[in-house]
Amino acid sequence: MSKPNWIEIKETDGYALEHFVLPTHYDKALESVLIPYGLIKDRIAKLAADIALSCENPVVACCVLKGAHGFFAHLMDDLKKQKNSKGESIPLSFEFIKVKSYENENSTGDVKISLSEEDMASFQGKDLLIVEDIVDTGATMVALKARLEKYSPASIRVVSLLLKDTPRSNNYVPDHVGFRISDQFVVGYCLDYNEKFRDLDHICIISEFGKKAYAE
């Protein structure tokens, strides 16, 4: 059996809050630190190295906003330093996509994608790298890929920092994954809960108090 190409984070993993410097405005809103910032950065560096080996042509890197913007920035910084299997650097261009699928802690199933026809037409014949923060049910990414495939890109690959192990999943798995986590709602490192918590460096478990305090 082949080994999974991600780091497994179990439900019992995590660190006590008192071991970290955290914004005081989130007092009581967090349960624990699940993935510290330093581990996130190291894992992103390895993802960039793995992605680079399979890049033979210029890449259009597509950031899924808003949650992926921090991951995207760090991944692109690392990818620019890498070489492909031929020992060559990788020409990169950037695109930004807004996708809306969450309210409170639940995926709504109503996937809204903000892309113009002109933007999508420009993807024809190009190698796309979709950069996502988290794949939960998989519905968002399946819908996004189906939309983009209509415009005949040469290839579409997906890298997600997180993959959630949940019974609600449609079993979609990205090409590259940083961490697989249990079925908990996480915030931080640009992951939000109703637009809050994006200013946390670490990936954390939100507390019940936090869910109630920031519910809409």
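Does K164 count as buried or exposed, and at what relative accessibility? K164 has 6% relative accessibility, so K164 counts as buried, because the cut-off for that word is under 20%. Keep in mind that you are looking at a predicted model.

**Around K164**

Let's see where this lysine sits. K164 is part of strand 7, and its bridge partner in strand 8 is I181. Setting aside residues up to four places away in sequence, K164 touches I134, V135 and D136, then I181, S182, D183, Q184 and F185.

**Strand 8 and its partners**

Strand 8 is a good element to find next in the structure. Strand 8 is mostly covered, with 5 of its 6 residues buried. Strand 7 pairs with strand 8, and strand 1 is joined to strand 8 as well. The table sets these two pairings side by side.

| Pairing | Sense | Bridges | One pair of opposite residues |
|---|---|---|---|
| Strand 7 and strand 8 | parallel | 5 bridges | K164 and I181 |
| Strand 1 (residues 7-8) and strand 8 | parallel | 2 bridges | I7 and F179 |

As you trace a strand, remember one general pattern: side chains in a regular strand alternate between the two faces of the sheet.

**A buried arginine in strand 7**

Strand 7 also holds R157. What is the nearest side chain of opposite charge to R157, and how far away is it? That side chain is D175, 6.2 Å away; R157 is buried yet has no salt bridge. The side chain of R157 does have a polar contact of 2.5 Å with the side chain of S54. Beyond its neighbours within four places in sequence, R157 is in contact with several residues, including I51, C55, V59, L128, I130 and H176.

**The nonpolar cores**

Now turn to the greasy parts of the chain. The largest nonpolar core has 33 residues, and those with the most contacts inside it are I35, F71, L75, L161, L162, V186 and I203. Among the elements that each supply at least two residues of this core are strand 2 (30-35), helix 2 (69-79), strand 7 (155-164) and strand 8 (176-181). Helix 1 gives the most to this core, with 6 residues.

F71 is a handy residue to click on. Apart from its neighbours within four places in sequence, F71 is in contact with I44, L47, V131, E132, V159, S160, L161 and Y189. There is also a second, separate core of 22 residues, which includes W6, L115, F123 and V177.

Definitions and conventions:
Residues are numbered from 1 along each chain as its sequence is written. This is a predicted model: local features need pLDDT of at least 70, side-chain atom pairs count only at pLDDT 80 or more; totals for chains, interfaces and linings use all residues. Side-chain values use heavy atoms; hydrogens and water are left out. A nonpolar core is a set of buried Ala, Val, Leu, Ile, Met, Phe, Trp, Tyr and Cys residues joined through side-chain atoms within 4.5 Å. Buried means under 20% relative accessible area, exposed over 50%, partly exposed in between (1.4 Å probe, protein chains only). Helices (H or I, at least four residues) and strands (E, at least two) are DSSP runs, numbered from the N terminus. Contact means heavy atoms within 4.5 Å. Two strands pair if DSSP finds at least two bridges between them. Lys and Arg count as positive and Asp and Glu as negative; His and the chain ends are not counted. A salt bridge is a side-chain nitrogen of Lys or Arg within 4 Å of a carboxyl oxygen of Asp or Glu. A polar contact is a pair of N or O atoms within 3.5 Å; within protein, one must be able to donate a hydrogen and the other to accept it, and residues adjacent in sequence count only if both atoms are side-chain atoms.
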